[in-house]
Amino acid sequence: MGFIKEFKEFAVKGNVMDLAVGVIIGGAFGKIIDSVVNDLIMPLVSGIIGTPDFSNIYYVLKGTVPDGAPLKDARGVEGAVIFAYGNFITVLISFLLLALVVFFLVKGINQLKKKEEVVPAAPAGPSQEQLLAEIRDLLKK
């Protein structure tokens, strides 16, 4: 019973719950970034470069694959070895965009923290020594 109680205490701690929420939000955020890359950025980049889709750019290392076959079909050819560098480029761009967004998010949070720290301090009152000196002088009178 001690193990179950210990596990319950661990699972209910705030840090574990915060981590769970972060993972869930991170998964959803990753889907948003994937959509931005696949639906917005990649068409622009492909339009400039002239390739319709990076994910279908590959090189056949071994075997015979029909020319112009999509990556999925090329991988389905028995005995074919495919070097799918276009898919890697797509995933790399997705990662870089995600890292950039997280960087700006952390930078913004850090700026907010700095603004909170710059709150002006309350005007300094008399020090303890000054108060004691005033009390001493009043008692002498």
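In this predicted model, Ile41 counts as partly exposed, since its relative accessibility is 27%, a value that falls between the 20% limit for buried residues and the 50% limit for exposed ones. Ile41 belongs to helix 2. Setting aside residues up to four places away in sequence, Ile41 touches Val36, Ile93 and Leu97. One of these partners, Ile93, lies 52 residues from Ile41 in sequence, yet the two C-alpha atoms are 9.0 Å apart in space.

From helix 2, which spans residues 14-49, a loop leads to strand 1, and Ser55 is found in this loop. Beyond its neighbours within four places in sequence, Ser55 is in contact with Leu71, Gly86, Asn87 and Thr90. A further link across the sequence joins Ser55 and Ile89, which are 34 residues apart along the chain and 7.7 Å apart from C-alpha to C-alpha.

Pro70 offers a companion view from the loop between strand 1 and helix 3, the latter covering residues 71-76. With a relative accessible area of 34%, Pro70 is partly exposed. Not counting residues up to four places away in sequence, Pro70 touches Asn56 and Tyr58. The C-alpha atoms of Pro70 and Ile57 are 8.3 Å apart, with a sequence separation of 13 residues.

The interior comes next. The largest nonpolar core has 8 residues in all, namely Tyr58, Val65, Ala69, Leu71, Ala74, Ala80, Ile82 and Ala84. Within this group, Leu71 makes a helpful point of reference: apart from residues up to four places away in sequence, Leu71 touches Ser55, Asn56, Tyr58, Ile82, Ala84 and Asn87. A second core, separate from that one, holds 5 residues, among them Val37, Met42, Phe54 and Ile57.

The surface has a nonpolar feature of its own. Tyr59, Leu61, Val81, Phe83 and Tyr85 form a nonpolar patch there, and together they present about 510 Å² of accessible area. Two strands contribute to this patch, as strand 1 (59-62) and strand 2 (81-83) each supply at least two of its residues. Leu61 sits in strand 1. Leu61 counts as exposed because its relative accessibility is 53%, where the limit is over 50%.

Two other members of the patch also meet through their rings. The whole structure contains 2 aromatic pairs. In one of them, the ring centres of Phe83 and Tyr85 are 6.1 Å apart and the ring planes stand at 35 degrees, so the pair is tilted; planes would need to be under 30 degrees apart to count as stacked and over 60 to count as edge-to-face. Phe83 is partly exposed, with a relative accessible area of 47%, and Tyr85 is likewise partly exposed, with a value of 36%.

Charged side chains complete the picture. Side chains of opposite charge can pair when their charged atoms come close. The count here comes to 1 salt bridge. Arg136 forms a salt bridge with Asp137, and their closest N and O atoms are 3.4 Å apart, with the cut-off set at 4 Å. Arg136 is partly exposed, having a relative accessible area of 45%. Asp137 is partly exposed too, with a relative accessible area of 37%.

Definitions and conventions
Residues numbered from 1 in each chain as written. Predicted model: local features only at pLDDT ≥ 70, side-chain atom pairs only at ≥ 80, totals over all residues. Heavy atoms only, no water. Patch = residues over 30% accessible without salt bridge, like charges linked within 9 Å, V, L, I, M, F, W, Y side chains within 5 Å. Areas by Shrake-Rupley, 256 points an atom, 1.4 Å probe, with all protein chains shown as cover. Salt bridge = Lys/Arg side-chain N within 4 Å of Asp/Glu carboxyl O. Helix = DSSP H or I, 4+ residues; strand = E, 2+ residues; numbered from the N terminus. Buried < 20%, exposed > 50% of the residue type's maximum accessible area, 1.4 Å probe, protein only. Core = buried A, V, L, I, M, F, W, Y, C linked by side-chain atoms within 4.5 Å. Contact = heavy atoms within 4.5 Å. Phe/Tyr/Trp six-rings, centres within 6.5 Å; stacked < 30°, edge-to-face > 60°.
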